[in-house]
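Open the model in your viewer and keep the sequence panel beside it. The stops below say what to select and what is there.

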Amino acid sequence: MSPDLVKLALEHCGTSEFEKYSQTMLAALIGPAFKPLGGHKDGGADGFVDADIWEQTDKPNRFFQASKTLDVEKKIKETITRLKEVGRGPDLLYYSSSLVVPYIDKLEMTLSDELGVTIKIYDRNWFAQRANTNKDVEAAFGQYLRPAVQFLEEIAAPSFPAQPVFQNAQAVCAFLSHELERRIGTTKTLEGVCDGLLIWALEETDPDAGKLLTQKQILEKIENVVPTARKFLRGQIGERLTALTVKKAGARTVNVHTKEGAYCLPYEARKHIRESLLEDEKLKVEVTDSFRKRIVDAAMQLDEKVLEQIPDLIHKTVEKLFEQQGYNAVRHFADEPEQGALDVRSVIEVAAEVVEAVKMSHDSRVKAKHLIKQVLRGALYNSEPIERAYFGRLARTYVLLFVLKNTPELIEHFSSMAKHFVLYVGTDILVRAISEYYLPNDDKMTVNTLKILQQAGAKLILSEPTLEEVHSHIYAADREYDNTYAEVEAIVDRDLASESDRILIRAYYYAKLEHENPNRPRSWGAYLGNFLTKEKLLGPTSPQSMRSLRDTLTARYGLTFEAREDMMREIDQEDLKKLTEAIKNLRKESHRRNEDIRAANDAAHILLVQRKRKAEEKEVTSPYGYRTWWLTQETKSGLAVAYAFPKRHLPRAIMRPELLINYIAYNPTTAEVRRSMGEIFPSLMGIRLGTRLDQSHFEKIMGKIKDAHRTDPARAQAMVAEHSNALISQTLRDFSIKYTSAI
């Protein structure tokens, strides 16, 4: 939403609608600890913060009130009075106003001192700036505020942008720019990061003490700390461990104990790590001493017990700053810091948040906030060398996590991208999904990807030509089974089954021979019965059997069916002939049956995607790139477009499934990533993990970050769309991730 539109909506909405919108916004700010209240008998509050998140008390003491009242000061005083009258002991009040509150910081301080309660005021400008915080907040705008500005659409086109610049455009632009270079092989950053994580996981190994780690244990250790690492590590860990165990210059980076199937670091490496651990601990102690000196120089009168907590609270503020504002913090702490990268207001808000979570008196809390702000102002903007070194180490760790996509802004971007897509699902994808039927749920890579996409809001389409191809594939597998395997069913083992070029036959035998599975198929007919009725499988396109298969696929994978006539209505028939011929020419060495039909179907999907983009995606380009794609592993039909229409320069229509797997389907939640960062930065890991990132790789990534911020957010958004389209249509071999599969 445009900030101007939000401001207009806040002006025109009703009190009840503003209250509900404010509750959603506060829930996004505070998290699950926020509990909304409602109605006229709320005892002076519209919500409260659950005490067990902050401190152990018998009653909640942090409350929330929303109001459109003109006299903000008077309303806040009345709210505090009312809360006390009903037996509540307010310690902090979050107050939301639909108005612009002038001199908001001065009013907060004055009321806090007068009432003995910490007052936090959020006004119209605050809501407008954060209207795109997350999907819940966006949905709340649509439900509670948008009706108030509906008149704009009825009168004339609105003066606000049709599509606002999305948050974190520059951060996402930097990440995608780096990813594209990595995908085409011009940088080996992720390989270096992978090796660094493996070595970090092995830091505590010691063969003399029997401390060895298996490949599985290494994976578990890394994934527990960096959840986004699970996607690429599982495909590369074996290869990277093998490379690290090879002698170079007479020494190995990692030792392997073949008998135990486990790994450890060599003695010299472990010795160096012990020494560096002492150095890291020394660094944190020295920077704490630097903070203490600044505290003493501030000469602020505080209770000794409160004063003792301040250095720790400063550390927590810095750590939380990286968790919440890491991308900007990295720019600020770079070797050549960017002016204005770290917003002073955000530093103050984070410091206040940290202090609010600590149990102390109101007077002590006010003084503690002021002291921390004063110390951080010097430490962040006029750093001592030791402080600069410490902040720099935290910045390196953030960059490593950024490369691994283990940051909230990147997870949120790719999660939102999933909701954006309209995908025509290819025959090969559906056949693979069918073949995964008997696999353990965690191993159903294709099925889980489709399920996650469907649940996220993507539209998945099963076209009639694709249904016919899937049905024909099953029919061909059935013919091969009857002609080749039926008579020797009793002697078929995994080795013999693996010789079949039919994925469904291989999947059937692998499942049948899994004797520990009580639900395994006992016969070929029982296996096919999971998808259609074998008795009605009378030909490549048996009508009754196809209807059964269609109903099964649409229900099982959340697909929408599209009939051939609806599909062909939008396709130019001359273009269809040209592209079909071009595809056939590229596949001239193929000896598959019905190649003419298959080429025509592929051409139809490509042209349909192009047609829908032209008809439905005329507006401002989405930061997620094109919406409509054909999801398939097919490659030659995509190449044929350039041969058929050399002067049109049509964009690619094919999405490789690896994009969904690598960037969307198996992402952790934003909460998991925040938990990960919340555990990494407060520990020594926060200053150690970044050292596993090679200096040349660090400089390359910092270059991308700086390049992204030399452009304004609007241009960055356009670049994100370009990068997204390029990444989605990638067909390079190194794009794929190797998964262990039973088929």
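**Start at strand E12**

Select strand E12 in this predicted model. Thr628 and Trp630 point one way from E12, while Trp629 and Leu631 point the other way, and all are buried. E12 covers residues 628–631.

**The sheet around it**

Now show the neighbouring strands. Which order do the five strands of the open sheet follow? The order is E11-E10-E9-E12-E13, with parallel pairing. Strand E11 (559–562) and strand E13 (654–655) stand at the edges; each has a single partner strand, so one side of each is left without a neighbour in the sheet.

Next, look at the two partners of E12 in turn. With E9, E12 runs parallel, and four bridges join them. To see one of these pairings, select Tyr424, whose bridge partner in E12 is Trp630. With E13, E12 pairs in the parallel sense over two bridges. Here, select Leu631 and its bridge partner in E13, Met655.

**Helices on the sheet**

Select residues 595–616, which form helix H28. H28 packs on the sheet and touches E9, E10, E11 and E12; its direction makes about 165° with that of E12. Then select helix H19, residues 427–435. H19 lies across strand E9 (422–425), strand E10 (459–463), E11 and E12, and runs at about 75° to E9.

For the connection from E12 to E13, add helix H29 (residues 636–644). E12, H29 and E13 make a right-handed β-α-β unit.

**A helix of 32 residues**

Move to helix H13, residues 267–298. How many Å should its 32 residues span? At 1.5 Å a residue the expected span is 46 Å, and the end C-alpha atoms are 47 Å apart, which agrees. Just after H13, select Ala299, which takes a positive phi of about 50°.

**Ala139 and Thr24**

Select Ala139, in helix H7 (residues 135–145). Is Ala139 buried or exposed? Ala139 is partly exposed, because its relative accessible area is 47%, and the band for that label lies between 20% and 50%. Add Thr24: the two residues are 115 apart along the chain, with their C-alpha atoms separated by 9.5 Å.

**The whole chain**

Zoom out to finish. The protein chain has 34 helices and 13 strands. Buried residues account for 52% of its 743 residues. Of the contacts between residues at least 6 apart in sequence, 75% join residues at least 24 apart. Show the surface last: its accessible area comes to about 35200 Å², with 49% belonging to carbon and sulfur atoms.

Definitions and conventions. Residues are numbered from 1 along each chain as its sequence is written. This is a predicted model: local features need pLDDT of at least 70, side-chain atom pairs count only at pLDDT 80 or more; totals for chains, interfaces and linings use all residues. Side-chain values use heavy atoms; hydrogens and water are left out. Buried means under 20% relative accessible area, exposed over 50%, partly exposed in between (1.4 Å probe, protein chains only). Contact means heavy atoms within 4.5 Å. Accessible areas come from the Shrake-Rupley method with a 1.4 Å probe; for residues, only the protein chains shown count as cover. Two strands pair if DSSP finds at least two bridges between them. Axes are lines fitted to C-alpha atoms, for helices over the stretch in contact, and angles run from 0 to 180 degrees between N-to-C directions. The expected span of a helix is 1.5 Å times one less than its number of residues. A crossover is right-handed if, with the strands pointing away from the viewer, the path from the first strand over the helix to the second runs clockwise.
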